[in-house]
Amino acid sequence: MFSYNFHLALKSLKERPALTLLTILAIATGLGLYTTVKTMSYQSGQVPLAHKSKNVFLLQMDNREVTADAVEHQARMVDTTYKDTLNLMQMEMPGVKQTFNWSTYGILNVEDENINPLRTFAAVTNSAFFTMFEPPFLHGNGWDKATEESGEAVIVISKLMNDKLFGGRNSVGESVRINTHVLKIIGVLDTWHLTHKFYDRSFSRARPDNFFIPYSFAMQNGLPRRAGFDCWAANADIARSFRTENTERLINSECAWVTFWAEVPEEKFADYRQQIISYMESERALGRFPRELVMYLTNLNDQLAYVHGRNQFLNTFSVLATLFFAVCLLNAVGILLAKFMRRKKEVSLRRALGAKKKTIIMQHLLEVIIIGFLGGVLGIVISYFGLQGMMSIRLYSSDYTVRVEDVLPYFQLNWTMIGHAFLTGIICTIVASIYPIWRLCNVPPASQLKSQ
Amino acid sequence: MLRMENVSKIYRTDLVETHALRKVDLHIKSGEFVSVTGPSGSGKTTFLNLAGALETFEEGDYFLDGHNVKGLSDDKLSEIRNQKIGFIFQSFNLLPDLPLFDNVDVPLRYRGMSAKERKERIEHALETVGLASRMQHLPTQLSGGQQQRVAIARAIAGDPLFLLADEPTGNLDSLMAQQVMELLEDINSKGTTIIMVTHDDQLARRAHRNIQIFDGQVSDIEKSVADDVIRSA
Ligand SMILES: Nc1ncnc2c1ncn2[C@@H]1O[C@H](COP(=O)(O)OP(=O)(O)O)[C@@H](O)[C@H]1O
Ligand SMILES: [Mg+2]
């Protein structure tokens, strides 16, 4: 019976190829756009460090004057001051890791005279960065705590820079110059696929940094702190002049310019939090933290959900694509209804000759599943081109400053999305066919066979 | 084999109730050839539809092969139509895009027979109606009489208990009508019960027994009497 129904379904598809094609196209276009958006949404919703994202927390302590504006959770919320950073790093708690980072810049040079000096950014951080955030190493390693404490001039570089500056060879042991400082390369990273550059809490789609320098070296040599930050109370002026400020003045300032992270296992979380609060209270006794003790430990999942949820473009586009898909499905209902109603006479004959309702349903369901299947396949092809198109727009809107490799992951179909699109296509087509099939299987047997 | 007791059928629309059949009592025995006559709109098709389990009815009982058909599920009725009844329609109702072979195949498919058995039955049925050499032709390539013979092949391929024919010759010229009638008589002579609605008195008279329907009421007349009635009418 199945093979007969399948045969009839195929025959019926071929019978009116234009109608069949129209139905498939209606489903495929709707599904294509829908999958384009869903994929973008899915990809940009991927949490970095997924295996431990719920245990990696951004620390935010509100150390501003009483008169400062109220802060909304997560909105441009304060970073951490350097002195708090150093104090917190003193806290010892087994199982808890802490890291922090900021961004610096300088002119980079190598011995090879064929390579022009280049202006570059670098991440300044501590040794725990590499164990917490797990960037993959191609050669060498990160630095250890001892190296860091001695203020040694070492650097970790990206694969991209290793290719560019050293032609891809193992450059560990060689050196680069930043401004007047010579730094020894101790590690070369492999390509680091982060769905979001989270560690500077920008959550941008920018590539991770190309250079990583120990904070001790950066502070001892007065490497500048890049980009704006908040200063308050007596230090309010620093914020406006930080570029020329020597870092000496930043060290003890009430300026929040360090992004502070902690990796805390679940069972230690309450203790860790309490420890931070105790610290804030003890500082308060010294006249700091004048406001209510506002403190946030937000894990990567929550941060990403927040950033993702605020993506106006994706949200709007999602709603539109869903509506469009619904319209396409309604259209498919119309076409299927027209197509099936033409078959009333044949169905009433088949019913008279002994076909059960469920057999008629099965025959047409098979037909619809084939349509859904083809619509799904075509929809996935359309979404592939849709994503390519969206990526072109992204590249264009950045004036081609981002490279394809950097944004590709956000516009890439994967098996999850393909499977999702496929199922959606088939299920929605079946749903769209319920009414037409119901109408058809309820045609009374022989009712359409009256003599002409 | 086919017994109706007090069967009534009412068609209800928003405005009117049509008493298409009124308290029909009838018994048709195995092997009979029964003709059904009556004016247009008198309820002949309705009677055949009930006999063929194509429609349900509210009142009375209908025993088919000893089982009461009343109140059976739609699935069960489909099974009965498929296994016990062969239908022949005035306008043939072949599927135009299927070759003869596949047309005859339709009821057998819904019976879930093996391919081998279906093939044997189809070939045999088409042979019986004299169209074995045209198995792969499309219905449109045949004359009306030939098409009706294909419909007859489709009806007999499953060895039904009886054939129901609703004006099987109504769309045919008299020569072709003759041939179809001869074919039906031939099939009947081999034991298949046939109930045939017709407008043609000549043909009606050739049946063993004639049933007349007037305004939904059935009068059942044995052949000898029937002849008189028809002659005097
Ligand atoms: N599906 C239906 N709905 C309403 N009335 C019907 C329906 N089928 C038949 N009738 C009515 O029932 C009566 C008998 O019809 P029918 O059995 O087709 O007559 P015949 O075949 O003798 O010409 C007619 O009055 C007809 O209008
Ligand atoms: Mg009629």
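Colleague: How many residue pairs are in polar contact between chain B and chain A?

Modeller: A count of this kind rests on confident residues, and this is a predicted model. Between chain B and chain A there are nine residue pairs in polar contact, with both partners at pLDDT 80 or more.

Colleague: Which elements of chain B give two or more residues to the side that touches chain A?

Modeller: They are α2 (74-84) and α3 (100-109) of chain B. The most comes from α2(B), which gives six residues to that side. By class, the side of chain B that touches chain A divides into eight nonpolar, six polar and seven charged residues.

Colleague: With charged residues present there, how should one read salt bridges, and how many does the rule find across the interface of chain B and chain A?

Modeller: The general idea is that side chains of opposite charge can pair when their charged atoms come close. Here the rule finds four salt bridges across the interface of chain B and chain A. One of them can be inspected directly: A:K11 pairs with B:D97, with 2.8 Å between the closest N and O atoms.

Colleague: What area do chain B and chain A bury between them, and how many residues are in contact?

Modeller: Chain B and chain A bury about 2,200 Å² between them, and carbon and sulfur atoms account for 57% of it. In terms of residues, 21 of chain B are in contact with 25 of chain A.

Colleague: What confidence values does the predictor give for the complex and for chain B?

Modeller: For the complex, the predictor gives an ipTM of 0.93 and a pTM of 0.76. Chain B has a mean pLDDT of 91, and 94% of its residues reach 70 or more.

Colleague: Turning to chain A, which domains does the assignment give, and how far apart do their C-alpha centres lie?

Modeller: A domain may be made of separate segments, as the assignment of chain A shows: domain 1 comprises 2-47 + 312-449, and domain 2 comprises 53-309. The C-alpha centres of these two domains of chain A lie 48 Å apart.

Colleague: How many residues are in contact between domain 1 and domain 2 of chain A, and what area is buried there?

Modeller: Twelve residues of domain 1 of chain A are in contact with 13 residues of domain 2 of chain A. The area buried between these domains is about 1,200 Å², with 48% from carbon and sulfur atoms. On the domain 1 side of chain A, the elements that give two or more residues are α2 (17-44) and α12 (312-341). The residues of that side divide into four nonpolar, five polar and three charged.

Colleague: What are the counts of salt bridges and polar contacts between the two domains of chain A?

Modeller: The salt-bridge count between domain 1 and domain 2 of chain A is zero. Three residue pairs are in polar contact between these domains, both residues being at pLDDT 80 or more.

Colleague: How many salt bridges are there over all chains, and what does the pair A:E367 and A:R343 tie together?

Modeller: The count over all chains comes to 37 salt bridges. Among them, A:E367 and A:R343 meet through their side chains at 3.1 Å, N to O. A:E367 lies in helix α14 (residues 357-397) of chain A and A:R343 in the loop between α12 and α13 (344-352) of chain A, so the pair ties together parts 24 residues apart in sequence.

Note on methods. Residues are numbered from 1 along each chain as its sequence is written. Chains are lettered from A and ligands numbered from 1 in the order in which they are written. Side-chain values use heavy atoms; hydrogens and water are left out. Domain bounds come from an automatic or database domain assignment. Contact means heavy atoms within 4.5 Å. Buried area is the accessible area (1.4 Å probe) that two parts lose on being put together, summed over both. A polar contact is a pair of N or O atoms within 3.5 Å; within protein, one must be able to donate a hydrogen and the other to accept it, and residues adjacent in sequence count only if both atoms are side-chain atoms. Helices (H or I, at least four residues) and strands (E, at least two) are DSSP runs, numbered from the N terminus. Ala, Val, Leu, Ile, Met, Phe, Trp, Tyr, Cys and Pro count as nonpolar, Asp, Glu, Lys and Arg as charged, and the others, Gly among them, as polar. pLDDT is the predictor's confidence in each residue, from 0 to 100.
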